[in-house]
Amino acid sequence: QVQLVESGGGLVQAGGSLRLSCAASGRTFSIYVMGWFRQAPGKEREFVGIINWNGGTTYYADSVKGQFTISRDNAKNTVYLQMNSLKPEDTAVYYCAAAEGYFCSSYKCSSPQSYKYWGRGTQVTVSS
(Lines give C-alpha, C1' and ligand atoms only; values in the text may rest on other atoms or scores of the structure.)
Protein backbone atom coordinates (compact mmCIF):
# COMPACT_ATOMS: atom_id res chain seq x y z
CA GLN A 1 0.00 0.00 0.00
CA VAL A 2 1.24 3.48 -0.91
CA GLN A 3 -0.22 6.76 0.24
CA LEU A 4 0.34 9.85 -1.90
CA VAL A 5 -0.19 13.44 -0.81
CA GLU A 6 0.19 16.35 -3.21
CA SER A 7 1.01 19.89 -2.13
CA GLY A 8 2.15 23.18 -3.60
CA GLY A 9 -0.89 24.17 -5.57
CA GLY A 10 -2.42 27.62 -5.45
CA LEU A 11 -3.31 30.74 -7.38
CA VAL A 12 -0.71 32.20 -9.72
CA GLN A 13 -0.73 34.79 -12.47
CA ALA A 14 -0.14 33.80 -16.06
CA GLY A 15 3.57 33.51 -16.75
CA GLY A 16 4.33 32.49 -13.20
CA SER A 17 5.71 29.26 -11.80
CA LEU A 18 4.72 26.68 -9.23
CA ARG A 19 6.37 23.55 -7.94
CA LEU A 20 4.12 20.74 -6.87
CA SER A 21 5.29 18.01 -4.54
CA CYS A 22 3.96 14.53 -4.03
CA ALA A 23 5.03 12.82 -0.84
CA ALA A 24 4.75 9.05 -0.68
CA SER A 25 4.56 6.77 2.30
CA GLY A 26 4.15 3.05 2.67
CA ARG A 27 5.99 0.61 0.45
CA THR A 28 9.43 1.30 -1.02
CA PHE A 29 9.02 4.43 -3.11
CA SER A 30 11.79 3.64 -5.55
CA ILE A 31 9.99 0.66 -7.09
CA TYR A 32 7.30 2.82 -8.55
CA VAL A 33 7.03 4.80 -11.73
CA MET A 34 5.43 8.09 -10.82
CA GLY A 35 3.03 9.98 -13.01
CA TRP A 36 1.35 13.36 -12.96
CA PHE A 37 -2.12 13.96 -14.33
CA ARG A 38 -4.48 16.91 -14.30
CA GLN A 39 -8.20 17.38 -14.58
CA ALA A 40 -9.95 20.60 -15.46
CA PRO A 41 -13.65 21.15 -14.70
CA GLY A 42 -15.84 19.24 -17.13
CA LYS A 43 -12.89 17.49 -18.75
CA GLU A 44 -11.35 14.05 -18.55
CA ARG A 45 -8.21 13.39 -16.56
CA GLU A 46 -5.24 14.31 -18.73
CA PHE A 47 -1.76 12.82 -18.72
CA VAL A 48 1.00 15.31 -17.89
CA GLY A 49 4.16 13.24 -17.55
CA ILE A 50 5.99 10.33 -15.95
CA ILE A 51 9.32 9.59 -14.36
CA ASN A 52 10.90 6.19 -13.99
CA TRP A 53 12.16 4.69 -10.76
CA ASN A 54 15.48 6.53 -10.55
CA GLY A 55 14.62 9.69 -12.43
CA GLY A 56 16.71 8.70 -15.41
CA THR A 57 13.84 8.79 -17.85
CA THR A 58 10.98 11.22 -18.14
CA TYR A 59 8.23 11.60 -20.68
CA TYR A 60 5.82 14.49 -21.13
CA ALA A 61 2.59 15.20 -22.88
CA ASP A 62 3.06 17.45 -25.90
CA SER A 63 0.94 20.11 -24.22
CA VAL A 64 3.50 20.63 -21.44
CA LYS A 65 6.77 19.62 -23.06
CA GLY A 66 9.41 22.26 -22.44
CA GLN A 67 7.19 23.95 -19.87
CA PHE A 68 6.96 21.36 -17.09
CA THR A 69 9.71 19.26 -15.50
CA ILE A 70 9.31 16.17 -13.35
CA SER A 71 11.96 15.07 -10.88
CA ARG A 72 12.14 12.79 -7.88
CA ASP A 73 14.13 12.36 -4.71
CA ASN A 74 13.88 8.75 -3.58
CA ALA A 75 15.67 9.54 -0.33
CA LYS A 76 12.77 11.86 0.51
CA ASN A 77 10.08 9.67 -1.07
CA THR A 78 8.97 12.68 -3.07
CA VAL A 79 8.29 13.48 -6.70
CA TYR A 80 8.08 17.03 -8.01
CA LEU A 81 6.38 18.83 -10.85
CA GLN A 82 8.02 22.13 -11.74
CA MET A 83 5.62 24.23 -13.80
CA ASN A 84 6.89 27.33 -15.58
CA SER A 85 5.31 29.91 -17.88
CA LEU A 86 1.89 28.95 -16.62
CA LYS A 87 -1.17 29.72 -18.72
CA PRO A 88 -4.84 29.92 -17.78
CA GLU A 89 -5.40 26.64 -19.64
CA ASP A 90 -3.10 24.93 -17.11
CA THR A 91 -5.78 25.49 -14.47
CA ALA A 92 -6.78 22.09 -13.10
CA VAL A 93 -6.55 19.75 -10.17
CA TYR A 94 -3.18 18.04 -10.38
CA TYR A 95 -2.78 14.45 -9.26
CA CYS A 96 0.24 12.26 -8.73
CA ALA A 97 -0.02 8.53 -9.18
CA ALA A 98 2.16 5.45 -8.68
CA ALA A 99 2.53 2.49 -11.01
CA GLU A 100 4.36 -0.61 -9.84
CA GLY A 101 7.61 -1.29 -11.61
CA TYR A 102 10.93 0.35 -12.42
CA PHE A 103 10.02 1.35 -15.94
CA CYS A 104 6.88 1.96 -17.91
CA SER A 105 6.44 2.78 -21.54
CA SER A 106 5.12 6.22 -22.37
CA TYR A 107 2.17 4.59 -24.15
CA LYS A 108 1.17 2.44 -21.20
CA CYS A 109 1.78 5.00 -18.48
CA SER A 110 -0.03 7.80 -20.22
CA SER A 111 -3.21 5.95 -19.28
CA PRO A 112 -4.70 6.46 -15.80
CA GLN A 113 -5.62 2.75 -15.78
CA SER A 114 -1.92 1.85 -15.45
CA TYR A 115 -1.68 3.36 -11.96
CA LYS A 116 -2.49 1.59 -8.76
CA TYR A 117 -2.28 4.46 -6.29
CA TRP A 118 -3.48 8.06 -6.49
CA GLY A 119 -3.25 11.16 -4.40
CA ARG A 120 -6.25 13.38 -3.74
CA GLY A 121 -4.96 16.20 -5.89
CA THR A 122 -3.98 19.81 -5.47
CA GLN A 123 -5.69 22.75 -7.18
CA VAL A 124 -3.72 24.97 -9.51
CA THR A 125 -5.41 28.12 -10.74
CA VAL A 126 -3.75 30.40 -13.26
CA SER A 127 -5.28 33.84 -13.65
CA SER A 128 -4.98 35.85 -16.85
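What share of the contacts in the chain with a separation of 6 or more comes from residues 24 or more positions apart? I looked this up before anything else, and the figure is 60%. I note here that the model is predicted.

**Entry: overall build**

I turned to the secondary structure and found 1 helix and 11 strands in the chain. Reading along the sequence, I recorded the order β-β-β-β-β-β-β-β-β-α-β-β. The helix thus has nine strand symbols before it and two after it in the pattern.

I then checked the dimensions. For 128 residues, a compact globule would have a radius of gyration near 14 Å, and the chain, at 13 Å, agrees with that. Along the principal axes, I noted a C-alpha trace spanning about 40 × 25 × 25 Å.

**Entry: surface and charge**

I looked up burial next: 41% of the 128 residues count as buried. The exposed area of the chain is about 6500 Å², of which carbon and sulfur atoms supply 48%. For the charges, I found 12 positive and 8 negative, with mean positions 6 Å apart.

**Entry: strand S1 and its partner**

I examined strand S1, which covers residues 2-7. In a regular strand, side chains alternate between the two faces of the sheet. In S1, I assigned Val2, Leu4 and Glu6 to the covered face, and Gln3, Val5 and Ser7 to the uncovered one.

Which strand do 6 bridges join to S1? I found strand S3, residues 18-26, running antiparallel to S1. Within this pairing, I located Ser7 opposite Ser21 of S3.

**Entry: Ser21**

Is Ser21 buried or exposed? I record Ser21 as buried, because its relative accessible area is 17%, below the 20% cut-off. Leaving aside neighbours within four places in sequence, I listed the contacts of Ser21 as Val5, Glu6 and Ser7, together with Trp36, Thr78, Val79 and Tyr80. Ser7, the residue opposite Ser21, is therefore also among its contacts, which I take with the cut-off of heavy atoms within 4.5 Å.

**Entry: Gly8**

I moved on to Gly8, which lies in the loop between S1 and strand S2 (10-13). Gly8 counts as partly exposed, because its relative accessibility is 34%. Not counting residues up to four places away in sequence, I found that Gly8 touches Leu18, Arg19, Leu20 and Thr122.

How far apart in space are Gly8 and Thr57, C-alpha to C-alpha? I noted 23 Å for this pair, with their positions 49 residues apart in sequence.

Key
Residues numbered from 1 in each chain as written. Predicted model: local features only at pLDDT ≥ 70, side-chain atom pairs only at ≥ 80, totals over all residues. Heavy atoms only, no water. Helix = DSSP H or I, 4+ residues; strand = E, 2+ residues; numbered from the N terminus. Rg over C-alpha atoms; globule rule 2.2 N^0.38 Å. Buried < 20%, exposed > 50% of the residue type's maximum accessible area, 1.4 Å probe, protein only. Areas by Shrake-Rupley, 256 points an atom, 1.4 Å probe, with all protein chains shown as cover. Lys, Arg positive; Asp, Glu negative; His and termini not counted. Charge placed at Lys NZ, Arg CZ, Asp CG, Glu CD. Pairing = 2+ DSSP bridges.
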